Every structure is written in structure tokens, then in C-alpha cells.
Amino acid sequence: YEALASSYDALTEDVGYEKRADFLEKLFRRSRIPVKVVLDLACGTGTMTWLLTGRGYELIGVDGSEEMLAAAMSKGGTLQGVPPIFLLPSMPQLAPGGVLVFDVNTVAKLAALDGQVFLDETEDTYCVWRAEYHKGLCTYYMDLFRRRGDKAWDRREELHRERAYTVEELTAWLTEAGFGDIRVYGDAKLRHPREDEQRVYFCCIRN
């Protein structure tokens with residue numbers, strides 16, 4: 001996430017962060033742990049980080065991309081509360097007693113992307129990306145065009161890869177890593193995932 005960082009928010013306006021934040025808070029409450037401090041792993045441009053900050057949580061955002069973190073730190077406006085801290089290091093271990101919530105794209109969704117070509121555009125950005133899926137690995141080939149001040153276009157390329165994991169695999173690894181009370185939900189729904197689910201949520205407690 002280098003060239004894409006400056007255009008990421010404009011190209012993902014339809015993600016529905018408010019709805020996802022609502023669901024996260026539901027999972028926080030169901031965990032019966034008094035969640036006050038949130039560690040936002042792979043926080044990207046910090047949209048969710050700042051959104052939860054505005055809801056009264058203390059946030060620490062961690063990401064592996066300096067460009068994405070720079071975009072995250074440029075946000076905030078006049079939000080009240082404790083400003084989030086943004087860090088670049090590798091993902092730290094969770095302390096015992098903490099609740100871990102994360103979501104993943106399902107194997108079915110990633111497999112269905114094989115051979116697909118997509119286009120996202122704004123007034124000053126044009127992004128074409130195609131996907132290939134092979135043996136559990138989805139590869140995204142992205143061509144990003146951005147309009148310069150002189151009206152000419154700059155072209156950059158990025159390559160992203162996303163590994164597909166089953167619910168059973170992730171559940172087994174969480175158990176092995178010391179997590180308990182593992183619960184799996186559909187896409188922002190307080191129910192078990194359906195067979196055609198595109199995204200699933202995990203909520204578990206670090207023993």
C-alpha cells in the first residue's frame with residue numbers, strides 16, 4: 001500500500017464503516033469485557049481508528065505501511081477525546097484477558113474473484129485491478145492512474161496478495177494460540193455464517 005494510500009479513502013467510500021463500527025461495539029458488549037482501549041491492527045488509513053475514537057475509546061493504530069499511516073495521522077479534525085497513537089512496528093502479542101475481533105473474506109468470495117477485472121474511479125483517480133485465485137491465494141494486479149496538476153496522468157502499479165482460510169482452520173489456530181470462547185458471525189450479523197457468506201467475523205478471548 002504505497003501508491004494506493006493517497007487514493008484509498010476515495011476508492012473505498014462504499015465500505016460502510018459506521019455499520020461495521022456498530023457491529024464491533026455489539027461484539028464488545030457481548031464479550032462482557034469492559035473495552036476501553038482498542039488496538040486497531042492493520043489500521044490502514046485510520047478511518048475506523050478515528051471513528052472509534054469519536055465514540056469514546058482510546059485507540060492505538062498499527063500498520064505495516066508508512067504511507068497508510070501518514071494518511072491516518074492526517075485525519076482527526078475537531079474530534080474530542082484522546083487522539084489515537086499510530087505505530088509502525090510488527091503486530092504485538094495480545095495480553096491475557098483481552099478480546100480479539102477480526103474479519104476475513106471467505107474462501108468462496110476470494111475463489112469467485114478468479115479472472116475478474118474491476119474498475120474504481122474518481123475525478124482524479126482511475127484504478128483498474130484484476131484478480132487471480134490459485135490454491136488458496138488471491139493475487140490482485142493493480143494499475144493506478146492519478147491526474148497531475150498539469151492534467152497529465154501518472155501510472156503506478158501495485159501487487160497485493162490475500163490468503164484464503166476456512167473457518168475451521170482459523171478456529172484451530174486461535175485455539176492453539178491460547179484463545180477461548182471463539183465465536184464466528186456472518187457479515188456484521190449476530191448469527192452463524194451462511195454457506196454463501198462473503199465475509200465472516202471472529203470474536204474470542206485471550207486466555
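In this predicted model, the buried residues of helix α2 pack against five elements: strand β1 (37-41), helix α3 (47-54), and strands β4 (99-105), β9 (179-185) and β10 (199-206). The buried set of α2 comprises R20, A21, F23, L24, E25, L27 and F28. Two charged residues, R20 and E25, thus appear in the buried set alongside F23, L24, L27 and F28. The helix itself covers residues 17-30, 14 residues in total. From its first C-alpha to its last, α2 reaches 20 Å. That span is close to the 20 Å expected at 1.5 Å a residue. Just after the helix, R32 adopts a positive phi of about 60 degrees.

Cysteine pairing was examined next. The count of disulfides is zero. C203 takes part in no disulfide; its nearest cysteine sulfur belongs to C204, 6.7 Å away. C204 likewise is in no disulfide, with the sulfur of C203 as its nearest cysteine sulfur at 6.7 Å. The pair fails the criterion because a disulfide requires the two sulfur atoms to lie within 2.5 Å. Both cysteines are nevertheless shielded. C203 counts as buried because its relative accessibility is 7%. C204 has a relative accessibility of 1%, so C204 counts as buried too.

Strand β7 offers a contrasting environment. The strand spans residues 137-147 and includes L137. With a relative accessibility of 21%, L137 counts as partly exposed. The cut-off matters here: buried means under 20%, so L137 falls outside that class. Beyond residues up to four places away in sequence, L137 touches E132, R161, E162 and R163. L137 is also set apart from helix α2. Its C-alpha atom is separated by 29 Å from that of L27, a residue 110 positions away along the chain. L27 is one of the buried residues of α2.

A nonpolar patch occurs on the surface. L119, Y126 and W153 form this patch. Together, the three residues contribute about 280 Å² of accessible area. Y126 lies in strand β6, which runs over residues 125-134. At 32% relative accessibility, Y126 counts as partly exposed. Patch membership requires over 30% relative accessible area, so Y126 meets that threshold.

How values were computed:
Residues are numbered from 1 along each chain as its sequence is written. This is a predicted model: local features need pLDDT of at least 70, side-chain atom pairs count only at pLDDT 80 or more; totals for chains, interfaces and linings use all residues. Side-chain values use heavy atoms; hydrogens and water are left out. Buried means under 20% relative accessible area, exposed over 50%, partly exposed in between (1.4 Å probe, protein chains only). Helices (H or I, at least four residues) and strands (E, at least two) are DSSP runs, numbered from the N terminus. The expected span of a helix is 1.5 Å times one less than its number of residues. Contact means heavy atoms within 4.5 Å. Patches are made of residues with over 30% relative accessible area and no salt bridge: like charges are joined within 9 Å, nonpolar side chains (Val, Leu, Ile, Met, Phe, Trp, Tyr) within 5 Å. Accessible areas come from the Shrake-Rupley method with a 1.4 Å probe; for residues, only the protein chains shown count as cover. A salt bridge is a side-chain nitrogen of Lys or Arg within 4 Å of a carboxyl oxygen of Asp or Glu.
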